[in-house]
Amino acid sequence: MKDDNFLRENNARHMWHPMGHPGDLQENTPAIIAKAEGVRIEDLDGHKTVDAVGGLWCVNLGYSNNVVKEAIAKQLYDLPYYSAFAGTSNPPAIEASYAVREFFEPDGMVRAFFTSGGSDSVETCLRMARQYHRLRGEPTRTKFISLKKGYHGTHFGGASVNGNNRFRTSYEPLLSGCFHLPSPYIYRNPYNETDPAQLAQNIAAAFEDEIQFQGASSIAAFIMEPIQGAGGVIVPDPSFMGLMREICDRHGILMISDEVITGFGRTGSWSGARHWGVQPDMMSTAKGITSGYFPVGAALFNEKVADVFEKSDPAQGGIYHGYTYSAHPVGAAAVSACLAETVRLDLKTNAGARGTQLFNGLKALAEKHDIIGDVRGGEGLMAGFEMVSDRQAKTPIDAAIVKRIQKATYDAGAMVRMGPPNILMSPPLTISEREIQVILDALDVGLSAA
């Protein structure tokens, strides 16, 4: 590897970073993470911090799980790659599909389509939803409904159903036929409603109204995150997802549960949909499926959807969609090993306990720091808080202050994620009680630097 000065100098000279301004990154070198162990990361300067971001909501097992690493290494020697397009397959992919089906069987999922990541998985679900209706003789069902504040990746389909204009406005026009409902966002919503259950009812009513306006026969699917992640860790009322499921069923609309973040234990349950007692028609997954050790995602389908495809006319029901790395043998080996470790370590239970600790600690910080306007979380190990310059008026804080808080928190020992005016956290699900306290102590220092 080149020396540290070379790395700092060349970081953004030849590589554009996702989710950042290329010119700014040339002027301001980001933290360059060189090593990791357990739940801690280490930068080029040797500064070690607890990774409260979990890589990017994904390193559920922490950075030191040798079972997964050895499975990847072995597979590289046995079969580093072969295509899974029709006509060929590979043993690890077959084993991984069985493991994924078994893991999500309580959610009603019976089939898996492997992808390279979350955006791919969302795109697959959207495309399969349209084809499903076409196969059933309803080709007019092409539209999608989603929630504001939702995040569903950055492909054209995912960006079109995204509910955050940051990922939309520079790339418009996007896919036509995509419409958005209000988010179950208690702190800010168009109804000025502070009762979560009533807000859920209001959004359900808006869904019914939108269906009447668009025409049920034009709508293919409704997609939602069980808990909105990148939008600010927005936790809905427990009734919300069930209400939306009932409406989908009543109007023949497929429900897609975007589990890219919420799957594999992060909510304190093995899936976000299961956390709320709902069985969707499709799931998009990634991140925790390999704990970030290898880029893999999977789109999952229930029996109803699978039957339509598998019993269709082969001329119409073929899945002419896929990726070079779909069912990659090395990635598939990582999937099987990661799922086994996820269950063996019972990550969901620790996520529940440590998530409660983190949420309560953030509420205590809100009592100390007036800059915190709203604390969100409490359902597994994903949490965030929204910062304001005026609590009474709920005035969002300037992004420069958020950046200063994040930097001071990092210097004090914890990496947290900025999503101005929010600070977001999704630590590895292996994190300990003591390490959660390190995050809280570092945030206290960071907030004091505002």
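## Y325 and its ring partner

Y325 is partly exposed, because its relative accessibility is 48%. This value, like the others in this report, belongs to a predicted model. Y81 has a relative accessibility of 30% and therefore also counts as partly exposed.

The structure holds seven aromatic pairs. In one of them, the ring centres of Y81 and Y325 lie 6.1 Å apart with the planes at 75°, so the arrangement is edge-to-face. Y81 belongs to the loop between α4 (66-78) and α5 (91-103), while Y325 belongs to the loop between α12 (314-317) and α13 (329-344); the pair therefore ties together parts that are 244 residues apart in sequence.

## F104, F264 and the aromatic cluster

The rings of F104 and F264 have a centre distance of 5.3 Å and an angle of 80° between their planes, so this pair is edge-to-face. Distant parts of the chain are linked here: F104 is in the loop between α5 and β4 (109-115), and F264 is in the loop between β8 (254-258) and α10 (272-275), 160 residues apart.

Both F104 and F264 are buried. Together with F103 and W270, F104 and F264 form one aromatic cluster.

## Charged side chains over rings

Two tyrosine rings, those of Y98 and Y187, have a charged residue over the face. R101 is placed over the face of Y98, at 5.0 Å from the ring centre. For Y187, the residue over the face is K394, at 4.5 Å from the ring centre.

Terms used. Residues numbered from 1 in each chain as written. Predicted model: local features only at pLDDT ≥ 70, side-chain atom pairs only at ≥ 80, totals over all residues. Heavy atoms only, no water. Phe/Tyr/Trp six-rings, centres within 6.5 Å; stacked < 30°, edge-to-face > 60°. Helix = DSSP H or I, 4+ residues; strand = E, 2+ residues; numbered from the N terminus. Buried < 20%, exposed > 50% of the residue type's maximum accessible area, 1.4 Å probe, protein only. Lys NZ or Arg CZ within 6 Å of the ring centre and 35° of its normal.
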